[in-house]
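Thanks for squeezing me in, everyone. I'd like to walk you through a model I've been looking at, one chain at a time. Let me put it on the screen.

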Amino acid sequence: MIHLSHITKTFGPTRAVDDVSLEVQRGEIVALAGENGAGKTTLMRIAAGEIDADGGTVNREGRAELVHQHFLLVDALTIAENLALTHLGFRFTTRRMIEREAREIIAGTGIELRDVSRRVSELSVGERSKLELIKAIARRPATLILDEPTSVLTPNETGELFAVMRRVAGEGTAVVFISHKLPEVLAVAQRVIVMRAGRVVAESAARDTNVQALANAMVVAQSPGLPVAGQLGDRVTGQPNIKAIVGVAGNGQSELAAKLRDEHREAGHIPEDRSRDGIVAELTIAENLALKAKRWNARDAARHAERMIALYSIRASGPLQRAGDLSGGNQQKVILARELDRRPPMIVAAEPTRGLDIAATRFVHEQLRAAAADGASILLITSDLNEAFALAGTIQVIYRGRLSEAMTPEEASRRVAALMAGVA
Amino acid sequence: MRRFGVAVLAAASAVLLLAFSGALFGHSPWSLLSILGSGSVGSRFALAGTLLKAVPLLLTGLSVVIAFRAGVWNIGGEGQFIVGGLAALVASRWGVVASLAAAMLAGAAWASIASAMRLWRNAPEVLTTILLNFTAIHLLGWSVNGPLREHAAQYPQTDPAGAALPVLGGVHAGIVLAVAASVFAWWLLYRTAEGLRLRATGFNPNAARWAGIRVGAQLARAMAISGAAAGLAGGVELLGVTHRLFERFAAGYGYSGIAVALLAQLHPLATIASALFFGALVTGAGELQRAANISAGLATFGQAVVILTLIVFENVRSRR
């Protein structure tokens, strides 16, 4: 359904996509794996016709829908109204008609999303991503491209998503799944393509490869052993002054983080939605890093930013690059540098590795561990259970705005599933 | 550089449209262009007129730059200008410095009414500042007909202010103040932590809040600084040009500040050039009225063309 040949694309000094050719057939699920900034999203935006390539040709049969990592929804409107924006032509209608049609559209996609009269601003991140998916699938695209769709989902929601992907592919749609969660890639895709630094570096049928081989292909320059907390299944003992709050998205995690932000201004805060709450896209890296500083002096700030870029290995052209031009993982590193570098006594990290690749995730985990070893008390709010078990010495479950008692990891491993589902 | 190009294009298209639409009244566009030119910068007298108009435009333009950079929509420059003039008049007996300080304080206080309503009841500034303009206009009307009316009680105007700005070569010293204010605004926005936080709040208030900025207080401060600049404009206009208050004292300077700021792409130093351009446009349009009998209201038309051109090109740019 999509045929790309010899695609190149350059942004300023960086070659984002460098002579890439690939093909996705009807009914096939292809995973596109790679580090943050490897060029996956750029390539798929070109494939979907959102941006033009500098060189190469794109052949597309039928419509291609790209579901973005960030949301393209109108917060002030309801679920039904958002669907009406993209799916209804210009005509007179009523709220009731819009809502009935919205329910039909949702039912047709087989995705569960209740109460279409809720405003998007009230939805959890997981529900928003479902709505984006519904919008895309309801248009019956010949090719469906999903950019890091699981990064905001709970394990259950991820399972639902995979079922949807398989069904859509079964109906003849070509599906491209951008991810760096390798176990997921192997679970759902038939073919895996690995990108690094703008090029395709590995391609294989999913049954002929494994997590270790893919991880090596993604980050070949780094150590081959690659023990990444959580992602590759190994369990590192949690640290006593890291406490994790786990739960299904939308059970009060965002409200808790916002309350802590307002009550503990001295603490370091890593917000869950980095493009909305973490980064000022229009300001430079240096300016973003200085937002919490008492003084501002352009030269000192640039020097500080250069140090942070080196220390946190932020992939950037320099301190004066616009933060909005960085990839998601590098934006997260900027936030981390700003929040952790002052060595705050307390750190509240909400979904700190959402959407990050293996290397960046490992880096974030190392930073949080180091801060904890340094004496900071860390509250990790996450929907990634592996992450919670990998880092925390104490685990609590949040369900419908209430926290469970604090548990040791051993106790939590027995009870957490039931507590998250609200059946314990 | 590209933004600069768009601004120049907007200004040029305003001038050309003015000249060619004047052709509808039976004049050749070239003669109208030459009248516009000579009437705004062609003689020492014309140049002084342009500078006199540019001074209040520069200060109200800066007022809008500061507010819009912070993301707070202060449309109340006109009202802040008026209360600035009123305060300057009342305080003028204590000298120029006290008078201008009073003007800034009054402008800041008047703008802060909108901030207070925002914090108290979440009332949008776009509405409250516009409504405060009408309040100020009527306050001025009542003052010049009542308590502040001149002793001769002949016209609805006040007695002359007790102080005046010194005059340097045909132009009052307010021009120095206004240019200094632009440099100050640039320093504030780009060289201080306050300015960094103000800009961050304007670009992304959510991220600003997560970075520990008290967004409500930040907006209130930006509003107060913005109001102070518009108030200062009113004080300078009183002490430098009109010396008395009367009902049409503000003459739309507060609103024109929005066009000045937008043409300057919200940059405080570019605002100097932008204010000079609009000052020349207004002065040149006055000459058009005298020499070619074309309404000076065309200057307002020119402002509209500038803003529309900017909006169209901004839009085209953001879609690429």
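Okay, let's begin with chain B, which has 13 helices and two strands. When I say helix or strand, I mean a DSSP run, H or I of at least four residues for a helix and E of at least two for a strand, numbered from the N terminus. Some housekeeping before I go on: this is a predicted model, so local features need pLDDT of at least 70 and side-chain atom pairs count only at pLDDT 80 or more, while totals for chains, interfaces and linings use all residues. Residues are numbered from 1 along each chain as its sequence is written, and chains are lettered from A and ligands numbered from 1 in the order in which they are written.

Back to chain B. Its C-alpha atoms fill a box of roughly 65 × 60 × 35 Å along the principal axes. For 320 residues, a compact globule would have a radius of gyration near 20 Å, and chain B has 20 Å, so the two agree. That radius is taken over C-alpha atoms, and the globule rule is 2.2 Å times the number of residues to the power 0.38.

How much of chain B counts as buried? The figure is 53% of the 320 residues. Buried here means 20 or more other C-beta atoms within 10 Å of the residue's own, exposed means 12 or fewer, and partly exposed is in between, with C-beta atoms placed from the backbone.

Chain B also comes with a domain assignment: domain 1 is 1-32 + 269-320, and domain 2 is 56-251. Those bounds come from an automatic or database domain assignment. The contact between them takes seven residues from domain 1 of chain B and eight residues from domain 2 of chain B. A contact means that two C-beta atoms, placed from the backbone, lie within 7 Å. On the domain 1 side, that breaks down into four nonpolar, three polar and no charged residues. For the classes, Ala, Val, Leu, Ile, Met, Phe, Trp, Tyr, Cys and Pro are nonpolar, Asp, Glu, Lys and Arg are charged, and the others, Gly among them, are polar. The C-alpha centres of the two domains of chain B lie 26 Å apart.

One residue to look at in chain B is Ala251(B), which has a positive phi of about 50° although it is not a glycine. Most residues other than glycine have a negative phi. Ala251(B) sits in the loop between α10 (215-242) and α11 (253-263) of chain B, and with 15 other C-beta atoms within 10 Å it is partly exposed.

Now chain A. This one has 15 helices and 15 strands, and its C-alpha trace spans about 55 × 50 × 45 Å along the principal axes. Of its 424 residues, 50% count as buried.

Let's zoom in on a sheet. Six strands of chain A form an open sheet in the order β5-β6-β7-β3-β8-β9, with mixed pairing; strands pair if DSSP finds at least two bridges between them. At the edges stand β5 (64-67) and β9 (199-205) of chain A, each with a single partner strand, so one side of each has no neighbour in the sheet. Inside the sheet, β3 (residues 29-34) and β7 (residues 174-178) of chain A pair in the parallel sense over four bridges, and Ile29(A) stands opposite Val175(A) in β7(A).

Elsewhere in chain A, β1 (residues 2-11) and β4(A) run antiparallel, joined by five bridges. One partnership there is His3(A) with Asn59(A) in β4(A). Is β4 (residues 55-60) of chain A buried or in the open? Of its six residues, the number buried is zero, so β4(A) lies largely in the open.

Chain A has a positive phi too: Asp115(A), not a glycine, is near 50°. Its home is the loop between α3 (95-109) and α4 (125-137) of chain A, and it counts as partly exposed because it has 13 C-beta neighbours inside 10 Å.

Last stop, where the chains meet. The contact takes 20 residues from chain A and 13 residues from chain B. Helix α9 (residues 274-278) of chain A gives the most to the chain A side, with three residues. By class, that side has nine nonpolar, two polar and nine charged residues. That's my tour, thanks.
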